[in-house]
Amino acid sequence: MLKTETYTLNMGPQHPSTHGVLRVELELDGESIVKVKPIIGYLHRGIEKLLESRTYIQCVPYTDRLDYVSSMNNNFGFCHAVEELAQIEVPRRAEYIRVMMAELNRIASHLVFMGTLSIDLGASTGHLYAFRDREDVLDLFDLVCGARMTFHYIRIGGVIHDLPAGFIEKAKAFIDKLPERMAEYDELLTGNEIFVRRLKGRSVMTKEMVLSHNMTGPNVRASGIPFDIRRVDGYSIYPELEFKVVTGREGDNWDRYRVRFEEILESAKIVRQCIEGLPEGPIMAKLPAVFKPPKGEIYSRTEGTRGELGFYIVSDGTPKPYRVHIRRPSFVNMQGLNDMCAGYYIGDSVAAFSTIDPLMGEVDC
Amino acid sequence: MEIVDIVPPMLKNNVIVTTVDSLFKWAHGNSIWPLSSGLACCAIEMMSAAGGRFDIARFGYEVFRPCPRQADLLIVAGTLTWKMTPPLIRLYEEMAEPKYVIAMGNCTIAGGPFADSYSVVPGIDEILPVDVYIPGCPPRPEALINGMLKLKEKIMHPEHVEKAREVLLQQKLAKMDRIKEMGGAGK
C-alpha cells in the first residue's frame, strides 16, 4: 500500500539566501511547498526596551541599526515622530536636506535589493554592478557625515551639519549618471531570459492578499494599489514635489522587481528637485538644552524603504520616552511569506524571500 | 649538513628548498576561505568588501563559501544574540581545522551599543576563541581587509604573535609591580 506524506525541511538561520539570520521551516510535498513558517528572533536586540533607558537625543543612533541599509529613512521617521510630539518647527532648508538624504538612501537600498536578488537567483555578477553604484551614494553620505553606514545625520529639529562644499555638484553628477546606469541593468538583468522566467508569474499576490496581510511599501504597490505614504499623508515637503507612485499589475516577483527599479528613477527625480529648490537658511531648530517633550502619545508614520515605518511614542514629560513601539515594515511584510510560497516549487521560495526584501535587523528589532 | 647544501650547483637557481610546514603556511595565508555568515549591519560591509571597489579578491580572500566544511575562517559580522549562539557554535564546530575567527564590529567584540540589552552576548570571546578583533560600527571594508592581512601575518608567522604577546605580558607584569611598589610606598 503506497502512501504519501509531507516532510519538513529547515532553512537557516545561517543560510546564504535568507537575507540575514532568518530561519524558515518548509513543509514540502515532493518538490512543491505546502506551508512556510518563518521563525524569527535570531537578531532580536531589544531595541524598544533599550530606548526606554535613553534620552530622546540618544535614541536616534539606535534607529540607524533597525534597517541598516536605509538608516537615513529611519532617522527621518523617528525625528519626525518626536517633532510631531513636541511640535517643533523644522527649518525649510533642513526639510529639503532630509528629503534629499532619504531619497538617496532609498536608491542605495533598492540597489542592494537588486544585488542580493541577482545573487539569490545565481547571477552573482549583478551584485558587483549594484554595489558599484551604491558606493557612489555612500560617497555622498561620507561627505555629509563621515560614515558609510549608520549615519546619525538627521537629528531631532533638523540635521547636524550643513551640506559640505562640493556636495551639490557630486550629487548632480550622480543623478545625471543614474539613468545610464539603470539602462545597463535593463540590459543585464531585465532582458535576461533566465531572470525573467524565474520571476514572471511566480509568487503572485493579489490585492486582497496583500491587504489582508497589511503589507506596505513596494510589495503592496506591485499588486496595483497606489499606497505611498509620501503621497497619502504628504508629510515634510513631499506635497510640493512631483513624483509618480509606481505600481505593478500582477503582484508577482517580476512586478516587485520592476516597482523597485522604477522607484530608483523616481527617487532620482525627487533628489534633483530638492537640489534645484534648496533654500538658504538655518538647518537646526532651537532646542532646549534638556529636551523634554510634553506629556502625551503619538503615532507617526513615514514611507521607509520597505514600507510604512511607524513610531509610536508615549511621553511622560521626562527626557526619556516612557514607551517606544516601532512598526517595522519588514516584520509585517514577512506575514505574506506563506501565501507567496505555498503551491510553488522549492526553488521559487528563494526568489520570494528576496523580493519581499526583508532585513533581519528590522524584522527582529 | 643543511639540505640546501646537497642541491647540485646547476639547479641552485631553479630549486627552492623549504619545509612542508612553511609551504603550507604560505599557501594557507594567501588563500583564506571565509564562511559567508552575516549576522547584521557588518555583513553589508563584508559584502561591500567583496564588491568592485574594495575587491578583497586582490588578496585572495574572495572565495566566500556557504558551507562550513569548505571554509576555514569564520567572520562573525554583526550583533550576536543568545538565540543565535548555539547555531554559531555549531557552525564553528563543523569547520575543519585549521580554523580562525575574526570578530568584526563593536557588537561582536563587546556588545557595542546593545551591551546592556537582555538578549545580546556581551563579547564573543566568552563563546569562541578569537584571532583578530576589528573595531568599528560598522568597520569600513578597508578595516576588514587590514584585519585579514593581520590574520595572514598570524598564519604565516605565528612566532611573531607569540613574541608580541610575550612583550605585552611583560609590560603588564611590570606595570602591576610598579602599582604594588607605589601602594607599598603610600603606606
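**Exercise 1. State which residues of the largest nonpolar core touch the most other members, and which helix gives the most to this core.**

Solution. Begin with the term: a nonpolar core is a set of buried Ala, Val, Leu, Ile, Met, Phe, Trp, Tyr and Cys residues joined through C-beta atoms within 7 Å, where a residue is buried if 20 or more other C-beta atoms lie within 10 Å of its own, exposed if 12 or fewer, and partly exposed in between, with C-beta atoms placed from the backbone. In this predicted model, local features need pLDDT of at least 70 and side-chain atom pairs count only at pLDDT 80 or more, while totals for chains, interfaces and linings use all residues. Residues are numbered from 1 along each chain as its sequence is written, and chains are lettered from A and ligands numbered from 1 in the order in which they are written. The largest core has 136 residues, and those touching the most other members are Val82(A), Leu39(B), Met46(B), Val76(B), Ile102(B) and Met104(B). Helix α4 (residues 92-120) of chain A gives the most to this core, namely 15 residues.

**Exercise 2. Describe how helices α2 and α3 of chain A pack.**

Solution. First find the helices, which are DSSP runs (H or I, at least four residues) numbered from the N terminus: α2(A) spans residues 56-64 and α3(A) spans residues 71-86. Next, their axes come within 8 Å and cross at roughly 150°, the axes being lines fitted to C-alpha atoms over the stretch in contact, with angles from 0 to 180 degrees between N-to-C directions. The pair is therefore roughly antiparallel (angles over 145 degrees count as such). Finally, the contact, for which C-beta atoms placed from the backbone must lie within 7 Å, includes Cys59(A) and Val60(A) of α2(A) and Phe78(A) and Val82(A) of α3(A). That Val82(A) is also one of the core residues that touch the most other members.

**Exercise 3. Decide whether Lys286(A) is buried or exposed, and locate this residue.**

Solution. Lys286(A) lies in the loop between α11 and β6 (296-303) of chain A, β6 being a strand (a DSSP run of E, at least two residues). Because Lys286(A) has 10 C-beta neighbours inside 10 Å, this residue counts as exposed. Lys286(A) and Gly157(A) are 129 residues apart in sequence, while their C-alpha atoms are 7.4 Å apart in space.

**Exercise 4. Work out how many residues each chain gives to the contact between chains A and B, and which element of chain B gives the most.**

Solution. Chain B gives 29 residues and chain A gives 25. On the side of chain B, α2(B) gives the most, with five residues.

Terms used:
Contact = placed C-beta atoms within 7 Å. Parallel < 35°, antiparallel > 145°, perpendicular 65-115°, else oblique.
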